[in-house]
Amino acid sequence: MGIITQADLAKSMHISRMQVSRIMREIKREKLPLSDFDILRVLTIKEIQKFGFTSAVAIELLNEFEGELRFLHNSTENNCWVLFVEREDRSYRLTSLSKAHLHSVIDAVGMALVLPLHCIFAAAQYQLAKIKKAKAKQVAV
């Protein structure tokens, strides 16, 4: 199988190579060979944008919760939710790695916007598999 390039990634995401290059710079992976995890991070940013977040916010979230992404990358059985909590005096984000913890946090804060990061990451993994398959076909020809 051939190496996936930023051009391949741009083509699969229907964005320009420059946009991919900018994302790579923002996640501090510019001028480095693309690893599967790098590609998954870029694809996850694109998936987060489907929820109405801007690219800048999606990148900020991924940089903040990179450890959680690595946790999800370790096993498809792992779960992670990002909670956005708004209070009168402050707002903050936190993660939950189990349903029980998620429910207890929601009970404690009353209301929170919940982003199922594990579902988003799974969609990115599916996209990566499609890109790898297309690249393999391209190399075989």
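Good morning. The largest pocket in this structure has a volume of about 330 Å³. I should state at once that we are looking at a predicted model.

Let me stay with that pocket. Its lining comprises 15 residues, and those nearest the centre are K11, S12, M13, Q127 and I131. Three helices each supply at least two lining residues: helix 1, spanning 6-13, helix 3, spanning 36-49, and helix 7, spanning 117-140. Helix 7 makes the largest contribution, with six residues. As to chemical character, the lining of the largest pocket divides into seven charged, four polar and four nonpolar residues.

I turn now to the second largest pocket, whose volume is about 170 Å³. The residues lining this pocket include M13, I15, Q19, R22, I23 and E26, together with K46, Q49, S55, A56 and I59. Here helix 2 (17-26), helix 3 and helix 4 (55-64) each provide at least two residues, and the largest share, four residues, comes from helix 2. The lining of the second largest pocket has five nonpolar, three polar and three charged residues.

What, then, of enclosed space? A search of the whole structure finds one cavity of 30 Å³ or more. About 30 Å³ of space lies within it. Which residues line this cavity? They are I48, L61, L62, F65, V82, L115 and L117. By class, that lining has seven nonpolar residues, with no polar and no charged residues.

This brings me to the interior. In soluble globular proteins, nonpolar side chains tend to be buried together. In the present model, the largest nonpolar core has 35 residues, and L9, L43 and I48 touch the most other members. The elements giving two or more residues to this core are helices 1, 2, 3 and 4, helix 5 (66-74), strand 1 (81-86) and helix 7. Helix 3 gives the most, with seven residues.

I48 deserves a closer look, as it appears both in the lining of the largest cavity and among the core residues that touch the most other members. What does I48 contact once its neighbours within four places in sequence are left aside? Its partners are F53, A58, L61, L62, L117 and I120. Of these, L61, L62 and L117 are also found in the cavity lining.

Finally, there is a second, separate core of six residues, including W81, V85, L102 and V109.

Thank you. I would be glad to return to any of these regions in the discussion.

How values were computed
Residues numbered from 1 in each chain as written. Predicted model: local features only at pLDDT ≥ 70, side-chain atom pairs only at ≥ 80, totals over all residues. Heavy atoms only, no water. 1 Å grid on protein atoms, 1.4 Å probe; cavity = no way out; pocket = protein on both sides within 12 Å on 5 of 7 lines; lining within 4 Å. Points joined across faces, edges and corners; volume = space filled by probe spheres on them. Nonpolar A, V, L, I, M, F, W, Y, C, P; charged D, E, K, R; others polar. Core = buried A, V, L, I, M, F, W, Y, C linked by side-chain atoms within 4.5 Å. Buried < 20%, exposed > 50% of the residue type's maximum accessible area, 1.4 Å probe, protein only. Contact = heavy atoms within 4.5 Å.
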